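Hi everyone, thanks for making time this morning. I'd like to walk you through a structure that is probably new to most of you, so let's bring it up on the screen.

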Amino acid sequence: MTGCSSPPLHHRQLWRRALACLFLCWLGSHCYAEPALGLPQEVPISADFSLLINNETLDRELSLASLRSIFSMRKRSWDNNQPVTVVVLPSRSKTHQRFCKKVLKIYPFVLQEQWDRQIFSGGGLTPVIAKNEQELMEIIRNNPGSIGYRLRDPQSRLKNTAYSPAQGIWQ
Amino acid sequence: MMSTLHNFNATAFTRSAKLWLGAVALTLSNSPTLAMQWQDWQVNGFASQAFLKSSGNNFFGDSLDGSWDFMEAGISAKWRANPRLIFSGQLFSRDAGSTDNGDVNLDYLFADYKIIDKVDSGLGVRLGRVKNRYGFYNDSRDVLFTRPSILMPQAIYFEGNGLRELFFSSDGFEFFGHWDSETSFTEFSISHGIDRDISDETLKNLIGPTASLYDDVQTERPIFSRLSHSFNGGNSRLALSSINSRYRIRDPGIDTSLDIEGYVLSGQQHYLNWSFTAEYSQLDVLIRTPLGSDDTLYNAFYLQTQYRFTPQLNISARYEQTDTDTADADPSDHYVLSLQWQPSQNWLVSADIYRMEGAFGIPVLDNPQGQEDQTELFALMLAWRF
């Protein structure tokens, strides 16, 4: 009986270990996020808005075409192969609507239509919706590869935050 | 011996349990990780229920007396396995009078790999049960949030004929690509399927109650393609789609086939409060039976305008016409008025009025007593999504 039962048991144990190792590796690949210094960057993009970007290989000259490709969820990865995660405010918020019109130059309902088509036709992932600016900032800070926006308010914000124009980084 | 085995088991179990618990603890201790995992997964769903009341003909159930027999529900999941590879699938159920029976189906399931993913262009391939891109609305036709009215425009999408299955998906592959420029973006998609069995339900819609006599009915090598070009940030959109497919009954002695070949031209223009949409299709339908063949050309179009009172409330008006080159058939005209109210991001209520002149697109099986020439239909639908 021993002779018959032991090998399968041994195999089972091996399988369990192998599975656990695989699971750990999978977790590890998700957990290990290089805590890059100075990220996210805040890059002024218009008189009203700056982009928040948690990616060190940022192309500083993000063109309107690239921005539309990113915010319409057509582009999936950055140059360093990090996945692009778009973070936005709720589509009914004034800030989001202003960002669509002033920066992307797209009507908010047209962008929403593009996302809805993505969601329900099975294409790429859709944006993460943050409840407010604080949450948006938090999500971007914690997720390499993420990109979002925030309203620039030079009067109140620049006073309280150290901004280094040379590096384009908010400290 | 048994106790040794038990001990051995227990030790192994404890060891792997520790590993698993450790892994979970590691996950929980690292809050950004949770967010990442969540962002690599996306689950969405939708459900809608309609009430229909008509005069003239039944449309989806016994609507002459009032019908609740129109429902759609789906749950979809996407997993980003790596930045370029996404797995995507959906379970779906649709009940639409006698044209659809509410069974839960695997609507689509595919691996989606982006071969080229540049900042302003990309090329990819999808493999599995893929969606067919056809016209503006075919690939998202089941969700009230992504279509212009409760019923899809009959003229292009054959809503009342119960042929959704033939148009919606193919078992095969899809190539897709996109280019962005400062002022426009262009997308293309081409899907090609292998032969696939047609459900009894769809065959019944196609040829009537005699469908049960046939066993071996297939879609053969369907090809769908769409090229679309948007400019002004998506405010203007043009598309050209094509279909090329054969449906065939292969039972011994009854080699009958139906060939559909054709194209759709689509155009859309958005303004702040107004949107205008038009689609035109020309389909050549060739039926070959052992007794002879019959070739019919369908010309169909619709014109639609939408006005947004507020982002939450809009009204649409649409005129549709379907005409054939058959000498004795009059064109079929549909007039549609649709009011949509979206009290929140997740809820949508639509109230529509339809006037349908001609029998084209009236579900045959909902009207076994024969079809009247004119139908008026009031439809109310509540839709939810997450």
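Let's begin with Arg248(B): is this residue buried or exposed? In this predicted model, Arg248(B) has a relative accessible area of 19%, and because the cut-off for buried is under 20%, Arg248(B) counts as buried.

So which side chain does Arg248(B) meet? The partner is Glu220(B), and the two form a salt bridge, with 3.5 Å from N to O. Glu220(B) sits in strand β9 of chain B, residues 217-231, while Arg248(B) belongs to strand β10 of chain B, residues 236-249, so the salt bridge ties together parts that lie 28 residues apart in sequence. Glu220(B) is buried as well, at 3% relative accessibility.

For anyone new to this kind of contact, side chains of opposite charge can pair when their charged atoms come close.

Staying in chain B, have a look at Arg318(B) and Glu320(B). Their side chains also meet in a salt bridge, at 2.8 Å from N to O. Arg318(B) counts as buried with 5% relative accessibility, and Glu320(B) is buried at 3%.

Salt bridges can also share partners here. One network built that way takes in Arg76(A), together with Asp112(B), Arg126(B), Arg133(B), Asp139(B), Glu174(B) and Arg226(B).

Now, where does the salt bridge between Asp116(A) and Arg385(B) run? This pair crosses between chains: Asp116(A) is in helix α4 of chain A, residues 108-121, and Arg385(B) is in strand β17 of chain B, residues 374-385. Their N to O distance is 3.0 Å, and both residues are buried. Over all chains, the count comes to 32 salt bridges.

Let me finish with a piece of sheet in chain A. Please find strand β5 of chain A, residues 146-151. How many of its six residues are buried? Five are, which leaves this strand mostly covered.

Strand β5(A) has pairings with other strands, including β2 and β3 of chain A. With strand β2, residues 49-53, β5(A) runs antiparallel, and five bridges join the two. In that pairing you can spot Phe49(A) opposite Leu151(A). With strand β3, residues 85-88, β5(A) runs parallel, joined by two bridges. There, Val86(A) stands opposite Ile147(A).

As you trace these strands on screen, keep in mind that in a regular strand the side chains alternate between the two faces of the sheet.

Thanks for listening, and I'm happy to go back to any of these spots.

Conventions: Residues are numbered from 1 along each chain as its sequence is written. Chains are lettered from A and ligands numbered from 1 in the order in which they are written. This is a predicted model: local features need pLDDT of at least 70, side-chain atom pairs count only at pLDDT 80 or more; totals for chains, interfaces and linings use all residues. Side-chain values use heavy atoms; hydrogens and water are left out. A salt bridge is a side-chain nitrogen of Lys or Arg within 4 Å of a carboxyl oxygen of Asp or Glu. Helices (H or I, at least four residues) and strands (E, at least two) are DSSP runs, numbered from the N terminus. Buried means under 20% relative accessible area, exposed over 50%, partly exposed in between (1.4 Å probe, protein chains only). Two strands pair if DSSP finds at least two bridges between them.
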